[in-house]
Structure formats: structure tokens, C-alpha cells
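Have a look at the sequence and the model below. The report that follows walks through a few of its features, one at a time.

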Amino acid sequence: MIYRELTRKTSYEPKPRSGRPRVTDIRSDRRIQRKASSQKMSVREITGASQLQISKNTVHRRIIESGYMIHGKMVRRLLLSKLHISKILQWTRNHMSYDDKWMSVLFSDEKNGT
């Protein structure tokens, strides 16, 4: 068997693999992995944002195949209480007539804690 392959005039090429071909190529796999790691998007959001017609299971498999993504549950936030909602609405109503003064207000997106 080995002698026959070594003395063959044409080069040896393996047979094509059987099974369904992949829907995604290497470039789209990297794009999926980049969105999952840098933009903190869920699998469902990545599926919707992708330009391919792929399932969320395919996206999940591609993320797992990357090898460096670690599964972790997102921290749940407490819902706003009725008291908090009413205070937010009251503050908003009090400041609706602020008009040009909003130009001098500096908003911060910082969060205390971890």
C-alpha cells in the first residue's frame, strides 16, 4: 500500500471530507469572536447583528471554538422600586424647564463599586 502511494505518478490528495459544509468562514468566525469579547453582546444580539443567516447555536459554537472565551453569567441588577421611579419622575418634572442651563451641566457615566 505504501509502495503504491510512493511510486504513483500523480500527487496524493486526501479525499474531501464528508458532511455538511460550514456556514461561516474564518473571517466571519473572527468577527463573531470579536463581538463577543469586546462589545459584551449576547449570543442572540450577535446573531441578529451578523450579516449571515445563521442560528444562535452556530454563534455559540463559534465562540466556544475560540478557546479563550470563558462562560460567565451576567450580574443581575435589582429592579427599580416604585419609590425610585416616582423620585426620578419628580426630579424630571422639576427640571423640565431648565432649557439653556443644561448646556452647563456635566453628566458623568461613572459607577461606584465594582
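## The nonpolar core

In this predicted model, the largest nonpolar core is built from 6 residues: Ile32, Ala36, Ile46, Ile54, Val59 and Ile63. Two helices, α2 (26-38) and α4 (56-66), each give two or more residues to this core.

Ala36 is a good place to start exploring. Leaving aside residues up to four places away in sequence, Ala36 touches Ile46, Ile63 and Met69. Of these contacts, Ile46 and Ile63 are listed among the core residues.

## Salt bridges between distant parts

The count of salt bridges comes to 4. One of them pairs Arg22 with Glu65, whose closest N and O atoms are 3.3 Å apart. Arg22 sits in the loop between α1 (2-6) and α2, while Glu65 belongs to helix α4, so this pair ties together parts that are 43 residues apart in sequence. How open are the two partners to the surroundings? Arg22 is partly exposed, at 48% relative accessibility, and Glu65 is partly exposed too, with a relative accessible area of 46%.

Another salt bridge joins Asp29 and Arg62, again with 3.3 Å between the closest N and O atoms. This pair also links distant parts of the chain, since Asp29 is in helix α2 and Arg62 in helix α4, 33 residues apart. Are these two residues buried or exposed? Both Asp29 and Arg62 are buried; for Arg62, the relative accessible area is 6%, which is why the residue counts as buried.

## A shared network

Within helix α4 there is a further pair to find: the side chains of Glu65 and Arg62 meet in a salt bridge, at 3.6 Å from N to O. Glu65 and Arg62 are 3 residues apart in this helix, so about one helical turn separates them.

Which residues end up in one network through shared partners? Salt bridges with partners in common join Arg22, Asp29, Arg62 and Glu65. If you follow the network in the viewer, you can pass from Arg22 to Glu65, from Glu65 to Arg62, and from Arg62 to Asp29.

## A nonpolar patch on the surface

Finally, turn to the surface, where Leu80, Ile85, Ile88 and Leu89 make a nonpolar patch of about 360 Å². Ile88, one of these residues, is placed in helix α5 (residues 82-94). Its relative accessibility is 45%, so Ile88 counts as partly exposed.

How values were computed: Residues numbered from 1 in each chain as written. Predicted model: local features only at pLDDT ≥ 70, side-chain atom pairs only at ≥ 80, totals over all residues. Heavy atoms only, no water. Patch = residues over 30% accessible without salt bridge, like charges linked within 9 Å, V, L, I, M, F, W, Y side chains within 5 Å. Areas by Shrake-Rupley, 256 points an atom, 1.4 Å probe, with all protein chains shown as cover. Helix = DSSP H or I, 4+ residues; strand = E, 2+ residues; numbered from the N terminus. Buried < 20%, exposed > 50% of the residue type's maximum accessible area, 1.4 Å probe, protein only. Core = buried A, V, L, I, M, F, W, Y, C linked by side-chain atoms within 4.5 Å. Contact = heavy atoms within 4.5 Å.
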